[in-house]
Amino acid sequence: MQDELLFKLGQSIRYLRLKKGMSQEELGFKSELSTNSVSAIERGAYNFKIKTLYKIASALQTEVMDIINCKF
């Protein structure tokens, strides 16, 4: 069963990634995650750690709050 919060975070990450013109592979490389992990996070299928969220935000050159409060 998919968690709604994880799904929304994943969609925010996906939106911001695409807005930057970045592939999942590039985001994974910059955030030290596998492409499979990035995919699972974006689908809301992976309950990741807060440290991972900070790595993703850094790779996207944005703030964690921008991911959390993303309006798309």
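**Notebook: salt bridges and the H1–H3 contact**

I looked up Arg17 and found that it forms a salt bridge with Glu42, the closest N and O atoms being 2.6 Å apart (a salt bridge being a side-chain nitrogen of Lys or Arg within 4 Å of a carboxyl oxygen of Asp or Glu). This pair links distant parts of the chain, with Arg17 in helix H1 and Glu42 in helix H3, 25 residues apart (helices being DSSP runs of H or I, at least four residues, numbered from the N terminus). I note that Arg17 counts as buried at 6% relative accessibility, and that Glu42 is buried at 3% (buried means under 20% relative accessible area, exposed over 50%, partly exposed in between, with a 1.4 Å probe and protein chains only).

I keep in mind that this is a predicted model, in which local features need pLDDT of at least 70 and side-chain atom pairs count only at pLDDT 80 or more, while totals for chains, interfaces and linings use all residues. Residues are numbered from 1 along each chain as its sequence is written, and side-chain values use heavy atoms, with hydrogens and water left out.

I then searched the whole structure, which gave 4 salt bridges. One of them joins Glu4 to Lys8, with the closest N and O atoms 3.1 Å apart; both residues lie in helix H1, 4 residues apart, about one turn of the helix. Here Glu4 is exposed at 53% relative accessible area, whereas Lys8 is partly exposed at 48%.

I also checked Glu26 and Lys30, whose side chains meet in a salt bridge (3.3 Å, N to O). Glu26 is partly exposed at 32% relative accessibility, as is Lys30 at 45%.

Key
Helices (H or I, at least four residues) and strands (E, at least two) are DSSP runs, numbered from the N terminus.
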